[in-house]
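Trainee: Got a minute? I'd like to go through this one with you.
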Amino acid sequence: MEKFSTLEGVAAPLKIINVDTDMIIPKQYLKTIKRTGLGKGLFSEQRYKDDGSENPDFVLNQPAYRNAKVLVAGDNFGCGSSREHAPWALLDFGIRCVISTSFGDIFYNNCFKNGILPIRVSQEDLDKLFDDAERGANATLTIDLANQEIRGPDGGKVKFEIDPFRKHCLMNGLDDIGLTMEKKSSIDDYEAKLKKERAWA
């Protein structure tokens, strides 16, 4: 998993509440177990018209936001089913941070396992960040995980809280497998000891 320390990039405003995982990545894209290639399906029912052409009104199709790295979203983002394809699709599109007032629990946990930082902020701070994000190409935010703050284009700062263990995992690029591999020497020692004790096995 890629390490997350400081992220600087354009923030796209998605002023929709209760965005569920089916909206993030519709069911027809769930046939794959690969984490790549899902970016094209991200918000596909909003990004594309019935004939397959782009919907110019959807925020991620607008020139200023095509390369967004941050998503500023309405309340209860990622609710609904537990599909892990939702963070996979966001990551494949290039989004590494989602900011909202609240998240669906399973989606929130899946983000950390896939290198995405979900940040909870107050409604007041979210409104400020929406204002920043609506500046288009000038909507650059800096997400500083070490100092737990979001810096806006005018120098304004929003502080955020994060579980210390999850912060450690993101900053060191540790998913579940990476965490296990941190204990590799202890595992090897135990296996060697077991082999001696149970030579007959």
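Trainee: Aspartate 125: buried or exposed?
Mentor: Buried, with a relative accessible area of 18%. The cut-off is under 20%. Bear in mind that this is a predicted model.
Trainee: Where is aspartate 125 placed?
Mentor: In helix H5, which spans residues 123-133.
Trainee: And what does helix H5 pack on?
Mentor: The sheet. Helix H5 touches strands S1, S2, S3, S5, S6 and S7. Its direction makes about 125 degrees with that of S2.
Trainee: What's the strand order in that sheet?
Mentor: S4-S3-S2-S1-S5-S6-S7. The sheet is open, has seven strands and its pairing is mixed.
Trainee: Which strands stand at the edges?
Mentor: S4 (117-120) and S7 (157-159). Each has a single partner strand, so one side of each is left without a neighbour in the sheet. From one strand to the next, the twist averages 25 degrees.
Trainee: How do S2 and S3 pair, parallel or antiparallel?
Mentor: Parallel, over three bridges. S2 covers residues 70-73 and S3 covers 97-100. Leucine 71 has valine 98 in S3 as its bridge partner.
Trainee: New topic. How many disulfides does the structure hold?
Mentor: Zero. For cysteine 79, the nearest cysteine sulfur is that of cysteine 111, 13 Å away.
Trainee: And why is cysteine 97 not bonded to cysteine 111?
Mentor: Because their sulfurs are 9.3 Å apart, too far for a bond. Cysteine 111 holds the closest cysteine sulfur to that of cysteine 97.
Trainee: Are these two, cysteine 79 and cysteine 97, buried or exposed?
Mentor: Cysteine 79 is buried at 16% relative accessibility. Cysteine 97 is buried too, at 0%.

Terms used:
Residues are numbered from 1 along each chain as its sequence is written. This is a predicted model: local features need pLDDT of at least 70, side-chain atom pairs count only at pLDDT 80 or more; totals for chains, interfaces and linings use all residues. Side-chain values use heavy atoms; hydrogens and water are left out. Two strands pair if DSSP finds at least two bridges between them. Helices (H or I, at least four residues) and strands (E, at least two) are DSSP runs, numbered from the N terminus. Axes are lines fitted to C-alpha atoms, for helices over the stretch in contact, and angles run from 0 to 180 degrees between N-to-C directions. Contact means heavy atoms within 4.5 Å. Buried means under 20% relative accessible area, exposed over 50%, partly exposed in between (1.4 Å probe, protein chains only). A disulfide is a pair of cysteine sulfur atoms within 2.5 Å.
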